[in-house]
Amino acid sequence: MKKLETTLIMAMITVLTVHQFAALIPQSLQAGPNLSFEVWEAYFSPVSYPGAANTNLYIVLNNTGNRITYAVFSIRLPDNFTIRNPKTRAQNIAARERFTLTFSGICIPSNAMGNYPVIIYVNATDGSGQWSQTTFYTQVSVGAQPLEESIMLATVNTLYEGNPAPLLQYAKNVVLRVYLINKFAESINAMSIDVTLPSGIYAKAIAGTYVGGMTPGGTCYIDITVDSGYPSLGRHRGILHITYVKTISSASFMMRQNISFQISVESAHSYIPDISFIEAYWGTPENPTPAYHASKYTPLTIRLTNDGRYSVREVVVNAYSEHLKPIKDSEACATVLAPGDSCTAVLYFDINTNALEIPVTINVHYKFTEFGTHLEARRTFNVTLPIEKYPAEESILMLVSAGWQNNVKVFPRTQNATYQVTLANRASCPISGISLELRLPEGLKSKGSDKATAYVEGPIRSLGTFTATFTISIGDVPPGSYAANLTVDCIAASGGPGVRLAEKFNLTISISDDSVALEVVDSRWYEGAVGPDTYGAHLVVLIRNVYVDGLRGAVLELDLPRGICNSADNSNRAKAAPTSVQLPQTIQPQNIMEALSTILSAPQVSPAQVFNRGDTLAFTFTLNIFDASLGQHEAKGKLSYIDAWGGKRETLITVPITILGRAGYVEATIDGSIKVRSRMVNASLTIKNHGTSPIYDAYVAVLPYQGTPILIASPAVNYVEKVDPKGTVKVPITLAYNPLGFYGQIGGATTITYGPVPLMISLVYRDAAGYLRTFNNSVTVVVEPFIELTIRNLRAAGSNTSTTVTGIILNYGSSTAYRAEAEVIMGETVQTSFIGDIDPGSEVAFRVDVDRYNATATLKIKYYNVFNELEVMQVPIKVYLKEEAAPVIKPEQPQVERWIIIAGVLVFLFCAALIIYRMMKKSRNAART
């Protein structure tokens, strides 16, 4: 209602003012048209408020003078009023016509209020070329701004780092985001905002989208960055002081509005996470250990977890107890502890109580920095930790083991052997400065003294072990076990200077017997069985190391029995070192030279090579056997070596040597002189043993030398159970002649199928020592040339006037039948057909035609042998009469059929010519086109 009343009052004042000024307008005295105007109304539009910009002044006039064709109106405004276009024009104004002048781009001062005079200058013409001028006055009113509130509060949000957050005490950089709404249809072009906040809340910056204003019905927001001190909890009121520019129909003016909004300050206790206690135990996280009443520098592990919804920072753990002496009683548990995560702190204390349980107070300090705040929090936990009684406190040291270093055997007369003692620390704390004294039994010395000493610096952790070594020399004492006393003096590091402790132990020192440390495993001749008058035989002696550790530099020396001498100097003494070559089980005669060369050239074992327990040493001796009898012999000797302690030792050795005799040369012969004159011939093979020992399980193989043999033994392999020394065995064999076999002469131009034929006799047997041996020999059989012809498929057929004889001749002999011919004798008629040469193993067909027929006839095969001697083979034959078949007369073909065939051929030729002609014609027309 107040707005309506104010508007009506202002309108009435304006109307009265216009009527007063209308009576005061003077009349023009110039010769131009009579200018007279009556002011009906003058007002600002669309806005007439202080500070309005770009508004328009509208003046409504009534032409009370003459008719005007063209007029220019100029305006003069009061001071501090500005106008962009002070002139306006009008045309064709009739007398008594009402018209409106518009002056645009007017700016009203912000402190203007009330009525203000306006002067208007007029220069007009009626079209006659004469101009008239006049001036008149009017008033315009500047009214107060309306009391309307264009801006409305929408909502208020609290943000931290762009996310919704509460406003807590002592928070920094929290943003209060206030959303505003332009509820009217006029746009707001620009806004300026100041804010008033409650006590304890301080604004640092104001930002947002409000600067550009709001469209009609639009929104914007204001971000107020605040820091909070210690305001009271609850709701508080803040005020936005808004100065904005409102635009109406392209005109704008300044307005001010205050908007209140609520600010809620919440308690930080609703957000600070609770740190929960998980566990506390003695030891490190990786190795929980018990704690004892005198434990020093004992680690205490404490585990905590964050049960809240937010992270905490700088988590520090502190522990306290009157029964603990702090070494490190505080530690940072975590820099940042996320929700649901856990952290571990390890503290160190000295325990100085005999109680089985001690109370411990655990204080946890941490900081809450979410939502821009920085608050310190504290949690306290009370726990009870057990203190255990160490079960091994009655025995500080325990003997774990005692013996020679690496369990190496020690024999009498050993210098500077190492004796080791291993002890365990069963105290609850480490020990250091350990001094050990070992009193030795009689016959044992250490650096000339009857006691040995050692020192271990340490520290040795609890339940840890340490080893001390003593250097002991053994005199000429019998093998066995000897008692010794050990005294251990040490310092227990239980805190401060520690405690001195001493304990004694009874030990046993063992001395082994070296006389049974080595044993002979086997001795054998590398060549197998040997006999008298054998030179350069190789005796292999195998000796097993039973329990000598680190045996090296071994040398075996033997005193040989009568009749056996060293091949190097024919003396009865031989020395050898172990060989590094692997000896095969058997040796073949054809490989004997290669095998012996390998043995003789094999290097001895390296001096650095060590033989351990269970290893076998192989020694090789090269010996000559003269008149030694067959049977068992023994060679006495000694094996010297260096043991693991560097001492030289000797062991007596007895080596058995067995002489069984040898087979030597095995002779293979065929009795007498055998001449092959047919396809099969029987012979006897004689095997003679020239050696001094029998041969057993002999297999005799008779094999030809050449690839295409002339003679083949059948059977090729024969078995002989035994051949005694100097004894013979006859083996019957059958030699089969191979007509396809031959000898190739040098150059391969011709082949020979007869003459001396060598055969290889291969003998595989076992000697008296059981070795498998082979022996090869050869024999020669003379094959004389012979011809053996055979006729196959002999057929004689004839008619009343002629006879034909056919057949095939085969040569099963070893020589060629030269210039052979076939002759058929039938009564007094003789007919011959030349055949040619017939080679061994080949066949030739022949045919003889005779111009007569007889039921019987005689066939003669004449040929010359290799000595150019004529030989004849005669065969009687029987001739079979063939029946003659009657001649077949073909019936004469009728003439009609012949003419039909000729007509058909002519028709075919005519059709073919017609088709060819048409095709050529089409091709010619196509070419023309």
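This passage describes the strands, nonpolar cores, disulfide and salt bridges of a predicted model.

The chain comprises 929 residues, of which buried residues make up 43%. Its secondary structure consists of three helices and 60 strands. When contacts between residues at least 6 apart in sequence are considered, 69% of them join residues that are at least 24 apart.

Among the sheets, an open one of four strands was examined, in which the strands follow the order β22-β20-β24-β25 and pair in the antiparallel sense. The edges of this sheet are occupied by β22, spanning residues 330-337, and β25, spanning residues 375-386; each has a single partner strand, so one side of each is left without a neighbour in the sheet. On average, and with direction ignored, neighbouring strands of the sheet are turned by 20° against each other. Within it, strand β24, which covers residues 357-368, is joined to β25 by twelve bridges, and the two run antiparallel. One position along this pairing is given by P359, which stands opposite T384 in β25. In a regular strand the side chains alternate between the two faces of the sheet.

The edge strand β22 also takes part in a covalent link, as C333 lies in β22 and its partner C343 lies in strand β23, which covers residues 342-351, so the pair ties together parts that are ten residues apart in sequence. A disulfide is a covalent bond between the sulfur atoms of two cysteines. In the bond formed by C333 and C343, the sulfur atoms are 1.9 Å apart, and a search of the whole structure finds one disulfide. The torsion about the S-S bond of C333 and C343 is about 115°, and the disulfide is therefore right-handed. Both ends of the link are buried, C333 with a relative accessible area of 10% and C343 with a relative accessible area of 5%. Two further cysteines are likewise buried, namely C490, for which the relative accessible area is 1%, and C565, for which it is 15%.

A second set of pairings is centred on strand β31, which spans residues 465-474 and is joined by eight bridges to strand β27, spanning residues 417-425, the two running antiparallel. In this pairing Y419 stands opposite F470 in β31. Strand β31 also pairs with strand β29, a strand of residues 444-445, again in the antiparallel sense and over two bridges. Here the bridge partner of K445 is S473 in β31.

The nonpolar interior was considered next. In soluble globular proteins, nonpolar side chains tend to be buried together. The largest nonpolar core of the model holds 60 residues, and those that touch the most other members are L57, F73, L180, M191 and L240. Strand β17, which covers residues 251-266, provides the largest share of this core with seven residues. For F73, the contacts, not counting residues up to four places away in sequence, include the aromatic residues F37, F99, F103 and Y121, and they also include L61, P86, K87, T88, A90, L101, I120 and V122. Apart from the largest core lies another, of 39 residues, among them A280, I302, V317 and L375.

Charged pairs were examined last. Side chains of opposite charge can pair when their charged atoms come close. The count for the model comes to 26 salt bridges. One of them links K722 and D724, with a distance of 3.4 Å from N to O; K722 is partly exposed, its relative accessible area being 41%, and D724 is also partly exposed, at 39% relative accessibility. Salt bridges that share partners also join E437, R439 and K451 into one network. Within this network, the closest N and O atoms of E437 and R439 are 3.8 Å apart. E437 is partly exposed, with a relative accessible area of 24%, and R439 is partly exposed as well, with a relative accessible area of 43%. A further salt bridge brings together the side chains of K636 and E634, at 3.8 Å from N to O, and K636 counts as partly exposed at 46% relative accessibility.

Conventions: Residues numbered from 1 in each chain as written. Predicted model: local features only at pLDDT ≥ 70, side-chain atom pairs only at ≥ 80, totals over all residues. Heavy atoms only, no water. Salt bridge = Lys/Arg side-chain N within 4 Å of Asp/Glu carboxyl O. Buried < 20%, exposed > 50% of the residue type's maximum accessible area, 1.4 Å probe, protein only. Pairing = 2+ DSSP bridges. Axes fitted to C-alpha atoms, helices over the stretch in contact; angles between N-to-C directions. Disulfide = S-S within 2.5 Å. Core = buried A, V, L, I, M, F, W, Y, C linked by side-chain atoms within 4.5 Å. Contact = heavy atoms within 4.5 Å.
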